[in-house]
Amino acid sequence: MSAAPKQARAGGEGRPIAPTSVAASGRAPPAARLIGIVAEVDETGGRTPYSRTLYRGGEGMWSWILHRVSGLAILGFLFLHILDTSLVALGPEHYNNFVRIYKTTFFRPLEVVLIAAVIYHSLNGIRVILIDFWERGARYERPLAVAQTVLSLVLFLPAAVIMLRPIF
Amino acid sequence: MATLGEVYEKSFPSRRPSPWELRSWLFMRISGILMLGLLLGHVAIMHVFGGGVERISFEFVAARWSGFFWRTYDWLLLVLALLHGAIGARIVIEDYIRRDGLRVLARSVLYTTTFVFLALGTIVTVTFNAPGGG
């Protein structure tokens, strides 16, 4: 290890998170090590113990992890999706052959997972933007989280039913 | 009224925003809002209603891309989603890869891949010729 400690990011959650060292030492809980959070630098430059930082396993931490995981999953599918769509340039046989994979009973549930990721990531993104830009956003953090969860389910559940009906 | 820089610093108090950092942060928010309509529309049309993925075929794409509107829609979504995803992945790389050399390598691979896919997607969307002229 060299260089100055790198800073972790809050991903727009509006929360001060900071440099690492406790995480590397293995004293922080696994989830904290996963997201690279450790301790906050206080005004005197000393480190606030991990137990006093904001992310210690609450909803904020989990929504932050889910946002990353869903984002990376969608990006992964996007690369695949650009490749499959590019097959139209090679002609109908190639494209239709490949798209057949998406229509299999094995793939349909994965498609539903993808849609869940898209809905979650979209609405969580809106929540993050509101907390950043709306001056009361931080105060209504909990109602916003509840609204996001409810709205996600309202959009997702009917979509999942419609999408999965054909395979049953 | 808080300036953009102040809003950014509220999220990252320990980072002084470089102009590039501030712009990419803002791009995430703007592209996110634009995609809220574009992407949820895309999902509703292609995956949920009207038979979903069941009816997707070469003929479906050819009919869809015979007009200017859907080609532009799809291309815009491609660009926004890819750049949004690439910037997000870059932040993940910055956070987790601590070794300098490895981080530079990961970043280079990400930027190259993004560029290649952006070029591929753009070429396919722009040059596609529906059979029978479109």
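**Notebook: confidence, fold and aromatic rings**

I began with confidence in this predicted model: chain A has a mean pLDDT (the predictor's confidence in each residue, from 0 to 100) of 75, and 65% of its residues reach 70 or more. I kept in mind that local features need pLDDT of at least 70 and side-chain atom pairs 80 or more, while totals for chains, interfaces and linings use all residues. Residues are numbered from 1 along each chain as its sequence is written, chains are lettered from A, and side-chain values use heavy atoms, without hydrogens and water.

I then looked up the weak stretches of chain A: pLDDT stays under 50 over residues 1-30 and again over residues 46-53. Among the elements of chain A (helices being DSSP runs of H or I of at least four residues, strands E runs of at least two, numbered from the N terminus), helix α1 (residues 22-25) has the lowest mean pLDDT, 39, and helix α5 (residues 107-133) the highest, 93.

For chain B I noted five helices and zero strands.

Next I searched for aromatic pairs (rings of Phe, Tyr and Trp, the last by its six-membered ring, with centres within 6.5 Å; planes under 30 degrees apart are stacked, over 60 edge-to-face, the rest tilted) and found 12 over all chains. Phe98(A) and Tyr102(A) form an edge-to-face pair, 5.7 Å centre to centre with 80 degrees between the planes; they lie four residues apart in helix α4 (residues 92-102) of chain A, about one helical turn. I also recorded that both belong to one aromatic cluster with Phe77(A), Phe106(A) and Phe107(A).

Note on methods:
Contact = heavy atoms within 4.5 Å.
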